[in-house]
Amino acid sequence: MKPDEFAQEVGAARWRVVGLMQRAGEVPRLATKVLPEAFEELNTTLEELRVADEELREQTEELIATREEIDAERERYRELFDSAPDGYLVTYAEGTIQEANHAAARLLNVQQEKLVGKPLPVFIPTSERRAFRAHLLQLQNADRVQEWEITLQPRKGEATLVAVRVTAARDRRGRPVALRWTFRDITDRTRAEAQIDKLNSELEGRIAERTAELEAANQQKDELLRREQAARADAFAALQMRDQFISV
């Protein structure tokens with residue numbers, strides 16, 4: 001039974017008692033007849049109130065148990081949210097921060113509780129804010145997970161290159177009410193990729209150098225072979241001239 005229904009039943013019982021009292025006052029000689037009816041009505045009302053009170057007590061206990069479960073689930077979510085290795089933010093559709101975990105606070109170099117209420121674009125380099133705001137507008141109409149790379153610029157400290165994943169939370173009408181952000185620091189990965197690209201470039205340069213050396217060596221070998229063949233031809237011609245001279 002809902003509290004409103006309980007209040008309505010109590011009110012109805014009260015009016016019934018008031019009516020009995022009026023009848024008893026208006027017709028004194030019927031008081032002896034009305035009083036038993038009143039007592040019976042009161043007993044019935046009291047029984048109804050007792051049953052209603054028991055129902056409300058059970059419902060209250062169920063509500064308390066449900067609330068405890070919700071609080072425990074919320075606490076587990078908070079622990080997972082805060083202990084995640086990646087940065088997590090929840091913002092309004094326009095980008096104002098609602099929630100932030102420890103990793104996000106470290107990335108932005110701001111205390112976790114002080115991030116709430118700050119606009120996310122202030123942590124984007126000035127040269128990239130226009131493009132970032134354009135992404136925000138696109139996110140309000142996007143129905144899929146959006147991914148791209150941005151640079152986060154803390155208030156103090158070096159800029160950090162991060163990979164971003166964003167999903168929009170919508171109400172029943174489909175309007176965006178919040179944005180859920182995941183930030184993963186890819187500075188080390190980018191540096192490693194740049195180092196790999198540099199090593200590959202150096203290796204390609206060495207291969208090109210070695211190839212040029214081999215081609216030059218092959219050309220020199222071909223030239224020596226040509227000279228040797230020419231020398232043999234000259235020697236053979238000289239031998240023929242000698243033989244002809246001897247025969248003469």
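Which residue in strand 5 is the bridge partner of V166? In this predicted model, the bridge partner is W181. I shall begin with the sheet to which this pair belongs, and then turn to the core and to helix 5.

First, the overall layout. The protein has six helices and five strands. Along the sequence, these elements follow the pattern α-α-β-β-α-α-α-β-β-β-α. Of the 248 residues in the protein, 23% are buried. The exposed area of the protein is about 18700 Å², and 53% of it is supplied by carbon and sulfur atoms. If we consider contacts between residues at least 6 apart in sequence, 44% of them join residues at least 24 apart.

Let us now look at the sheet. Five strands form an open sheet in the order 2-1-5-4-3, with antiparallel pairing. Strand 2 and strand 3 occupy the edges and have a single partner strand each, so one side of each has no neighbour in the sheet. From one strand to the next, the twist averages 30 degrees.

I will take the pairings one by one. Strand 1, residues 87–91, is joined to strand 5 by five bridges, and the two run antiparallel. Within this pairing, T91 stands opposite L179 of strand 5. Strand 5 also pairs with strand 4 in the antiparallel sense, over nine bridges. Here A169 faces A178 of strand 5 as its opposite residue, and R165 stands opposite T182. The V166 and W181 pair from my opening question links strand 5 in the same manner of bridging, as partners. Strand 4 and strand 5 form a hairpin with five residues between them. In that turn, G174 has a positive phi of about 85 degrees. Finally, strand 3 and strand 4 pair in the antiparallel sense over seven bridges, with I150 standing opposite V162 in strand 4.

Two adjacent residues of strand 5 deserve attention. T182 is found in strand 5. Is T182 buried or exposed? T182 counts as buried because its relative accessibility is 18%, and the cut-off for buried is under 20%. Leaving out residues up to four places away in sequence, T182 touches D86, G87, Y88, A163, V164 and R165. For F183, with neighbours within four places in sequence set aside, the contacts are D86, G87, L89, L107, L120, I150, L152, V162, A163 and V164.

This brings me to the core. In soluble globular proteins, nonpolar side chains tend to be buried together. Here, the largest nonpolar core has 24 residues. Those with the most contacts inside the core are L89, L115, F132, I150, L152, W181 and F183. At least two residues of this core come from each of strand 2 (97–100), helix 3 (102–108), helix 5, strand 3, strand 4 and strand 5. Which helix gives the most to this core? Helix 3 does, with four residues.

The last element I wish to discuss is helix 5, residues 129–139. Its buried residues are F132, L136 and L139. Viewed down the axis of helix 5, these buried residues fall within an arc of 65 degrees, so they line one face of the helix. Against which strands do the buried residues of helix 5 pack? They pack against strand 3 (146–152), strand 4 (160–170) and strand 5 (176–185). On the face of helix 5 turned away from its buried side, we find the exposed residues R130, L137 and Q138.

One further residue of helix 5 is H135. H135 counts as partly exposed because its relative accessibility is 26%. Between H135 and W148, the C-alpha to C-alpha separation is 9.7 Å, and the two residues are 13 apart in sequence.

To close, I return to two points. The predicted model holds an open sheet of five strands in the order 2-1-5-4-3. The buried residues of helix 5 pack against strand 3, strand 4 and strand 5, and F132 of that helix is among the residues with the most contacts inside the largest nonpolar core.

Note on methods. Residues numbered from 1 in each chain as written. Predicted model: local features only at pLDDT ≥ 70, side-chain atom pairs only at ≥ 80, totals over all residues. Heavy atoms only, no water. Buried < 20%, exposed > 50% of the residue type's maximum accessible area, 1.4 Å probe, protein only. Arc of directions from axis to C-beta. Contact = heavy atoms within 4.5 Å. Areas by Shrake-Rupley, 256 points an atom, 1.4 Å probe, with all protein chains shown as cover. Core = buried A, V, L, I, M, F, W, Y, C linked by side-chain atoms within 4.5 Å. Pairing = 2+ DSSP bridges. Axes fitted to C-alpha atoms, helices over the stretch in contact; angles between N-to-C directions.
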